[in-house]
Amino acid sequence: MRGLTLPAQEEDFTADPVELFFDLGYVLAFSQLVAHLIHHPTWRGVGEAALLLWIMWLSWSQFTWSANAVSGNGRAVRLIFLLGTATSIPMAASVTTAFGPGGPIFAISIAIIYVLAIVTMVLPTDKGAAVRRSISVFGGLVMAGLVTLVIGSFLEGSARTVLWIIMAGIAIVAMVVAGRFEWIVRTGHFAERHGLIVIIALGEVIVAIGAAVVRSLEEEAGVPADTMVALVGAGVFAGLLWWAYFDTASPALEHRGGEVAGDLERGWFARDVYSVAHLPIVAGIVLAAAGLGEI
């Protein structure tokens, strides 16, 4: 792991290509989540999808925090990201069966991704440093949650669901406790990474309508008028969603984050605005994609 460096806290940087490559596993995961919603259009199905999204979001968010502290352009960091990407593929593939036979694959993959992310942040920090202490406290709580997640995956029915909900609750407690400690926050990088994951989610709006249209074209051997209307409508809808976030909200949040003074305050801002508030944004897009696919 030689060459794994921790840039100065005031230094900001753009996302490395390996970070976007890591997101590709979540492209499949979001697609599987949309499929789960379409095949289980009940409140239970929505609840299961929400729980799965929260668990997946936690692992993605942790890698974002780690890459925010440690620049992703180092070969050691890139190697860890590639390992995380490889692990995210079985995680994504098991989303639709996570509450069935795919539960252990899903849970173990999430645990590995999480551990890789925490290791990425721990290795370059000096012993006794404020950031190392923050990671140690947060990581200890997270590990307890991951153990709960993996154990629950080997149970069946409501027992698995209950343990996974407990894991989700432990993660919330860890995030609250983490607010008492200092973290490295580079606002520009946070804004870019969360903008990219919003783009990934928006892609599901296109995919959801596209998959249905392809089947329609194969069956009809043409493009019916109502199909064209649906295509144009879906494209306009996706464009409106993009505009709603990227025209004003995203740059305004990045600008506001740059004005926040104090290490603790910057940590609170990044946690609340990006790690927490962006989850319902992504969830709403995924839900909308499922609705379009059904229509």
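**Exercise 1.** Find which residues touch the most other members of the largest nonpolar core, and which helix gives the largest share.

*Solution.* Step 1: The largest nonpolar core has 83 residues, and Met 56, Phe 106 and Trp 164 touch the most other members. Such a core is a set of buried Ala, Val, Leu, Ile, Met, Phe, Trp, Tyr and Cys residues joined through side-chain atoms within 4.5 Å. Buried means under 20% relative accessible area, exposed over 50%, and partly exposed in between (1.4 Å probe, protein chains only).

Step 2: H2 supplies the largest share of this core, 14 residues. Helices are DSSP runs of H or I with at least four residues, numbered from the N terminus.

Step 3: Neighbours within four places in sequence aside, the contacts of Trp 164 include Leu 51, Leu 52, Ile 55, Phe 99 and Phe 106. Contact means heavy atoms within 4.5 Å.

The model is predicted: local features need pLDDT of at least 70 and side-chain atom pairs count only at pLDDT 80 or more, while totals for chains, interfaces and linings use all residues. Residues are numbered from 1 along each chain as its sequence is written, and side-chain values use heavy atoms, with hydrogens and water left out.

**Exercise 2.** Decide whether Gln 62 and Ile 165 are buried, partly exposed or exposed.

*Solution.* Step 1: Gln 62 lies in helix H2 (residues 43-69). Its relative accessibility is 6%, so Gln 62 is buried.

Step 2: Not counting residues up to four places away in sequence, Gln 62 touches Tyr 114, Ala 117, Ile 118, Met 121 and Phe 138.

Step 3: Ile 165 belongs to helix H6 (residues 158-178). Its relative accessible area is 48%, so Ile 165 is partly exposed.

**Exercise 3.** Describe how helices H8 and H9 are arranged, and which residues make the contact.

*Solution.* Step 1: The axes of H8 (residues 225-259) and H9 (residues 263-276) come within 10 Å and cross at roughly 170°. Axes are lines fitted to C-alpha atoms, for helices over the stretch in contact, and angles run from 0 to 180 degrees between N-to-C directions.

Step 2: H8 is therefore roughly antiparallel to H9 (angles over 145 degrees count as roughly antiparallel).

Step 3: From H8, Leu 253, Glu 254, Arg 256 and Gly 257 make the contact, and from H9, Phe 269, Val 273 and Tyr 274.

**Exercise 4.** Locate Asn 73 and give its separation from Ala 107.

*Solution.* Step 1: Asn 73 sits in the loop between H2 and helix H3 (75-93).

Step 2: Asn 73 and Ala 107 are 34 residues apart along the chain, and their C-alpha atoms are separated by 29 Å.

Notes
Helix = DSSP H or I, 4+ residues; strand = E, 2+ residues; numbered from the N terminus. Parallel < 35°, antiparallel > 145°, perpendicular 65-115°, else oblique.
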